[in-house]
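Here's a quick briefing to read with the structure open beside you. Have a look at the fold first, then come back for the details.

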Amino acid sequence: MYENILLATDGSIASRDATAHAIGLADLHDAMLHALYVVDSDVYSAYSGDEYVDEHEGPEHGLEEAGEDALATVTDRAADRGVEVIETLRHGRPHEEIVDYADEESVDLIVLGTRRHPEEYRSLLGSVTDRVVRLSDEPVVVVKTPVES
């Protein structure tokens with residue numbers, strides 16, 4: 001049923017549960033798993049960078065390192081199940097990059113993790129998951145992670 005499954009990860013706890021789900025689906029369907037981490041350009045462009053000596057110390061570099069670690073974690077976990085992974089790190093607005101990647105790579109399914117956030121947070125900022133669900137032409141599986149009170 002699925003040949004290409006996209007897991008969008010940010011390395012968070014919610015992504016951990018989504019990773020397990022995506023790997024299980026890829027294993028079940030003998031599908032290629034695409035792991036995507038998006039370095040949020042809005043985050044690092046908000047900083048002036050005046051306190052950094054060079055680009056290897058700034059927030060963009062730190063986010064890239066976090067992304068590389070998150071992607072390596074997905075690949076390691078998938079290897080335990082014999083699932084092949086294509087790792088991709090992109091820069092931009094996460095929801096846009098996820099939807100664009102899915103279209104470009106002919107993805108059959110997108111898997112995302114989410115945590116329940118307070119209503120005030122969602123109304124002010126929205127959610128990458130919410131935006132992907134609304135904008136994607138592909139089916140989206142949302143793996144919910146409980147938040148401890």
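What follows is a short tour, from the overall layout down to single residues.

This is a predicted model, in which local features need pLDDT of at least 70 and side-chain atom pairs count only at pLDDT 80 or more, while totals for chains, interfaces and linings use all residues. Numbering starts from 1 along each chain as its sequence is written, and side-chain values use heavy atoms, with hydrogens and water left out.

**Overall layout**

- The protein has six helices and five strands, where helices (H or I, at least four residues) and strands (E, at least two) are DSSP runs numbered from the N terminus.
- Going along the sequence, you'll see the pattern β-α-β-α-α-β-α-β-α-α-β.
- Of the protein's 149 residues, 40% count as buried; buried is under 20% relative accessible area, exposed is over 50%, and partly exposed is in between (1.4 Å probe, protein chains only).
- Take the contacts (heavy atoms within 4.5 Å) between residues at least 6 apart in sequence: 77% of them join residues at least 24 apart.

**Nonpolar cores**

- A nonpolar core here is a set of buried Ala, Val, Leu, Ile, Met, Phe, Trp, Tyr and Cys residues joined through side-chain atoms within 4.5 Å.
- The largest one has 22 residues, and Ile5, Leu7, Leu33 and Val111 have the most contacts inside it.
- β1, α1 (13-29), β2, α3 (59-79) and β4 each put in at least two residues of this core, with α1 giving the most, five residues.
- Leucine 33 has plenty of company: leaving aside neighbours within four places in sequence, it is in contact with Ile5, Leu7, Ala22, Ile23, Ala26, Val74, Val83, Glu84, Val85 and Ile86.
- Apart from the largest core lies another, of twelve residues, among them Ile98, Val99, Tyr101 and Ala102.
- As background, nonpolar side chains in soluble globular proteins tend to be buried together.

**Helix α4 and what it packs on**

- In α4, the buried residues are Pro94, His95, Glu97, Ile98, Val99, Tyr101 and Ala102.
- These buried residues pack against β1 (4-8), β2 (32-40), β3 (85-92), β4 (109-115) and α6.
- Histidine 95 sits in α4 (residues 94-104) and counts as buried because its relative accessible area is 8%.
- Leaving aside neighbours within four places in sequence, histidine 95 touches Val128, Arg131, Val132 and Leu135.
- Glutamate 97, also found in helix α4, is buried too, since its relative accessible area is 16%.
- With neighbours within four places in sequence set aside, glutamate 97 is in contact with Leu36, Val38, Arg90, His91 and Gly92.

**The α4/α6 crossing**

- The axes of α4 and helix α6 (residues 128-135) come within 9 Å and cross at roughly 40°; axes are lines fitted to C-alpha atoms, for helices over the stretch in contact, with angles from 0 to 180 degrees between N-to-C directions.
- That crossing makes α4 oblique to α6: under 35 degrees counts as roughly parallel, over 145 as roughly antiparallel, 65 to 115 as roughly perpendicular, and the rest as oblique.
- The crossing is right-handed, meaning the near helix is turned clockwise from the far one by less than a right angle, with anticlockwise being left-handed.
- Pro94, His95, Ile98 and Val99 of α4 meet Val128, Arg131, Val132 and Leu135 of α6.
- By class, this contact has six nonpolar, one polar and one charged residues; Ala, Val, Leu, Ile, Met, Phe, Trp, Tyr, Cys and Pro count as nonpolar, Asp, Glu, Lys and Arg as charged, and the others, Gly among them, as polar.
- Valine 128 lies in helix α6 and counts as partly exposed because its relative accessibility is 33%.
- Not counting residues up to four places away in sequence, valine 128 touches Pro94, His95 and Ile98.
- Valine 128 and glycine 113 are 15 residues apart in sequence and 9.8 Å apart in space, C-alpha to C-alpha.

**Positive phi in the loops**

- Most residues other than glycine have a negative phi.
- Aspartate 30 has a positive phi, near 50°, and is placed in the loop between α1 and β2.
- Aspartate 30 counts as exposed because its relative accessibility is 73%.
- Serine 106 has a positive phi as well, near 50°, and is found in the loop between α4 and β4.
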